[in-house]
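User: I have a model open and want the reasoning behind its labels. Take me through it, value against cut-off.

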Amino acid sequence: MSEIEVFLKKEIGTDLGSRQKIEKLFKDFDENVSKVIMNFEGVEFMGRSFAQEYLNRKHIAPFEVVEKNMPKDIEKMFEIILELNNRL
């Protein structure tokens with residue numbers, strides 16, 4: 001099993017807005033991957049639909065997903081979505 005680090009700025013860009021891009025990224029991981037480090041360095045914006053899809057994909061991924069260099073506003077977006085999901 002292997003560990004990889006994904007630089008979201010390089011793979012997607014500084015503006016994380018498209019739900020489809022995170023879907024594709026998660027689908028492209030090799031089956032031998034055991035841990036994915038999502039590096040948010042340089043990311044300036046994340047839309048709500050991207051954040052929701054990211055959290056959904058992280059939840060069902062057959063590997064561990066951890067975040068690195070996450071800006072405070074993106075961290076807050078994840079917290080809000082998780083809080084709203086827990087209310088349902």
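Analyst: Start with Gln52. This is a predicted model, and Gln52 sits in helix 3 (residues 48–60).

User: Why is Gln52 called buried?

Analyst: Its relative accessibility is 16%. Buried means under 20%. Gln52 therefore counts as buried.

User: Which residues does Gln52 touch, leaving out those up to four places away in sequence?

Analyst: Arg19, Ile81 and Asn85. Each contact has heavy atoms within 4.5 Å.

User: What makes Glu5 and Lys68 a salt bridge?

Analyst: The N to O distance between their side chains is 3.2 Å. The rule asks for a Lys or Arg nitrogen within 4 Å of a carboxyl oxygen of Asp or Glu. The pair therefore qualifies under that rule. Glu5 belongs to strand 1 (residues 2–7) and Lys68 to strand 5 (residues 64–68), so the bridge ties together parts 63 residues apart in sequence.

User: Why are Glu5 and Lys68 called partly exposed?

Analyst: Glu5 has 31% relative accessibility, and Lys68 has 35%. Partly exposed lies between under 20% and over 50%. So Glu5 counts as partly exposed, and so does Lys68.

User: How do you know that Lys24 is exposed?

Analyst: Its relative accessible area is 52%. Exposed means over 50%, so Lys24 gets that label. Lys24 also forms a salt bridge with Asp28, with the closest N and O atoms 2.7 Å apart.

User: What about Lys58 and Glu67?

Analyst: They form a salt bridge too, their closest N and O atoms being 3.0 Å apart. Lys58 is partly exposed at 28%. Glu67 is partly exposed at 27%. Elsewhere, Arg19, Glu53 and Arg57 are joined into one network by salt bridges that share partners. By this rule the salt bridges number five.

User: How many helices and strands are there, and in what order do they run?

Analyst: The protein has four helices and five strands. From the N terminus the order is β-α-β-α-β-β-α-β-α.

User: What makes the protein as compact as a globular one of that length?

Analyst: Its radius of gyration is 12 Å. The globule rule gives 12 Å for 88 residues. The two values are close, so the protein is as compact as a globular protein of that length.

User: How much of the protein counts as buried, and how much area is exposed?

Analyst: Of the 88 residues, 35% count as buried. The protein exposes about 5700 Å², with carbon and sulfur atoms supplying 48% of it.

How values were computed:
Residues numbered from 1 in each chain as written. Predicted model: local features only at pLDDT ≥ 70, side-chain atom pairs only at ≥ 80, totals over all residues. Heavy atoms only, no water. Helix = DSSP H or I, 4+ residues; strand = E, 2+ residues; numbered from the N terminus. Rg over C-alpha atoms; globule rule 2.2 N^0.38 Å. Buried < 20%, exposed > 50% of the residue type's maximum accessible area, 1.4 Å probe, protein only. Areas by Shrake-Rupley, 256 points an atom, 1.4 Å probe, with all protein chains shown as cover.
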